Amino acid sequence: MNTEYQVTGMTCSHCERAIAGELDQLSDVEAIDVSAATGRLLVRSSVPLDDAAVLAAVEEAGYTAARVNA
């Protein structure tokens, strides 16, 4: 299952790594694709993820995000 988010405040690869590091701590996350250039965050998981947990992880890294409606 892929879930896409739009992240604001990212400017570099350090930002990408900070977000990926926080999301790696969530169970059921299989892959993370994050781009500072586009602000796009794609999270692949084996089960539907709790949006609040993903958004909290992004916030913990110092950024804000919103889910992109598919």
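A residue counts as buried when its relative accessible area is under 20%. Keep that cut-off in mind for the close-ups below, which come from a predicted model.

**View 1. T3, a residue tucked into strand β1.** Start with T3, which is found in strand β1. Its relative accessible area is 3%, so T3 is buried. Who does T3 touch, once we skip its neighbours within four places in sequence? The contacts are L41, L42, V43, D51 and R67. Across in β3, V43 is the residue standing opposite T3.

**View 2. Strand β3 and its two faces.** Follow β3 (residues 40–45) and you'll see the side chains alternate. Which of them are buried? L41, V43 and S45, which point to one face, are buried. R40, L42 and R44 point to the other face and are not buried.

**View 3. β3 and its partners on either side.** Strand β1 (residues 2–8) is joined to β3 by 5 bridges, and the two run antiparallel. One residue to look for here is N2, which stands opposite R44 in β3. Strand β2 (residues 29–35) also runs antiparallel to β3, this time with 6 bridges. Here I32 has V43 as its bridge partner in β3. β2 and β3 make a hairpin, with 4 residues between them. Check out G39 in that turn: its phi is positive, at about 75°.

**View 4. The whole sheet, with a helix packed on it.** Strands of a sheet pair through backbone hydrogen bonds, either parallel or antiparallel. In what order do the 4 strands of this open sheet come? Reading across, the order is β2-β3-β1-β4, and the pairing is antiparallel. β2 and β4 (64–67) are the edge strands, each pairing on one side only. On average, neighbouring strands are turned by 25° against each other, direction ignored. Helix α1 packs on this sheet and touches β1, β2 and β3. The direction of α1 makes about 165° with that of β2.

**View 5. Where helix α1 meets helix α2.** How do the two helices cross? The axes of α1 (residues 13–23) and α2 (residues 51–60) come within 8 Å and cross at roughly 135°. That angle is why α1 counts as oblique to α2. The crossing is right-handed. On the α1 side, I19, E22 and L23 make the contact, and they meet V54, A57, V58 and E60 in α2. Sort the residues of this contact by type and you get 5 nonpolar, no polar and 2 charged.

Definitions and conventions
Residues numbered from 1 in each chain as written. Predicted model: local features only at pLDDT ≥ 70, side-chain atom pairs only at ≥ 80, totals over all residues. Heavy atoms only, no water. Axes fitted to C-alpha atoms, helices over the stretch in contact; angles between N-to-C directions. Parallel < 35°, antiparallel > 145°, perpendicular 65-115°, else oblique. Left-handed = near helix turned anticlockwise from the far one by under 90°. Contact = heavy atoms within 4.5 Å. Nonpolar A, V, L, I, M, F, W, Y, C, P; charged D, E, K, R; others polar. Buried < 20%, exposed > 50% of the residue type's maximum accessible area, 1.4 Å probe, protein only. Pairing = 2+ DSSP bridges.
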